[in-house]
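Open the model in your viewer and show side chains as sticks. The tour goes stop by stop, with something to select at each.

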Amino acid sequence: MPSIIQFIKSQFLPGECFLCKKSADISLSLCQSCISDLAENSCCCSLCANPLNSSVEYLLDDSPLLCGKCQKHKSSFDQVFSPFLYQEDMVKLIYQFKYGGKLYMGKTLAELFLQQVLQKYKLNNNISFPELI
């Protein structure tokens, strides 16, 4: 159970960015600069979300981009959404959440994911997510 001092600090003092140690929004534990530096998975297979060579993006117009594996084999799922590449800072965040005892990073990762879902599907917070799934 958090102490009163921890509660007051979380409500009234700015947080510290987990990655660069600068001032950050305490609810995310990341500063805006570090959030914008996270590598987005913008050119990826539309089925499994594995990154594709960026030059593939220009080969097809509105056709779904599929990696070689998804072209050859039918998958057991409809679509994967992976908004960030598993590189550098994202690796640090996930590692610290899973193995470093930084369970608060789960909220940060979930918020980042939610922001990307809302942006990708151009949704507002009023939609029922079971309808989306």
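Below are the ground rules, an overview and then the stops.

**Ground rules**

This is a predicted model, in which local features need pLDDT of at least 70, side-chain atom pairs count only at pLDDT 80 or more, and totals for chains, interfaces and linings use all residues. Residues are numbered from 1 along each chain as its sequence is written, and side-chain values use heavy atoms, with hydrogens and water left out.

**Whole chain**

Start with a cartoon view. You should find six helices and two strands. Their order along the sequence is α-β-β-α-α-α-α-α. Helices (H or I, at least four residues) and strands (E, at least two) are DSSP runs, numbered from the N terminus.

Now switch on the surface. About 9900 Å² is exposed, and carbon and sulfur atoms supply 55% of it. The areas come from the Shrake-Rupley method with a 1.4 Å probe; for residues, only the protein chains shown count as cover.

Of the 133 residues, 27% count as buried. Buried means under 20% relative accessible area, exposed over 50%, and partly exposed in between (1.4 Å probe, protein chains only).

Contact here means heavy atoms within 4.5 Å. Take the contacts between residues at least 6 apart in sequence: 44% of them join residues at least 24 apart.

**Stop 1: Thr 108**

Select Thr 108 in helix H5 (residues 105-120). Is Thr 108 buried or exposed? Thr 108 is buried, at a relative accessible area of 0%. Next, show what surrounds Thr 108. Leaving out residues up to four places away in sequence, Thr 108 touches Leu 28, Ser 29 and Leu 30. Draw a distance from the side chain of Thr 108 to Leu 28: a polar atom of that side chain lies 2.6 Å from the Leu 28 backbone oxygen.

**Stop 2: Cys 31**

Move to Cys 31, in the loop between strand S2 (23-24) and helix H2 (32-37). Cys 31 is buried, with a relative accessible area of 8%. Which residues does Cys 31 touch, not counting those up to four places away in sequence? They are Cys 17, Cys 20, Ser 23 and Ala 24. Add Glu 16 to the selection. The C-alpha atoms of Cys 31 and Glu 16 are separated by 7.8 Å, with their positions 15 residues apart along the chain.

**Stop 3: Ser 36**

Step into helix H2 and pick Ser 36. Ser 36 is exposed, at 54% relative accessible area. The Ser 36 side chain reaches the backbone oxygen of Ser 33 at 2.9 Å.

**Stop 4: Lys 21 and Phe 18**

Select this pair and turn the ring of Phe 18 towards you. Lys 21 lies over the ring face, 5.2 Å from the ring centre. A charge sits over a ring if NZ of Lys or CZ of Arg is within 6 Å of the ring centre and within 35 degrees of the ring normal.

**Stop 5: Lys 92 and Asp 89**

How many salt bridges does the structure hold? One. A salt bridge is a side-chain nitrogen of Lys or Arg within 4 Å of a carboxyl oxygen of Asp or Glu. Select Lys 92 and Asp 89, whose side chains meet at 3.6 Å, N to O. Both lie in helix H4 (residues 88-98), three residues apart, about one turn of the helix. Lys 92 is partly exposed, at 47% relative accessible area.

**Stop 6: Tyr 95 and Tyr 99**

The structure holds two aromatic pairs. In one of them, the rings of Tyr 95 and Tyr 99 have their centres 5.1 Å apart and their planes at 50 degrees, so the pair is tilted. Rings of Phe, Tyr and Trp (its six-membered ring) pair if their centres lie within 6.5 Å; planes under 30 degrees apart count as stacked, over 60 as edge-to-face and the rest as tilted. Colour by accessibility to finish. Tyr 95 is partly exposed at 47%, while Tyr 99 counts as exposed at 56%.

Notes: Polar contact = N/O pair within 3.5 Å; in protein donor to acceptor, adjacent residues only side chain to side chain.
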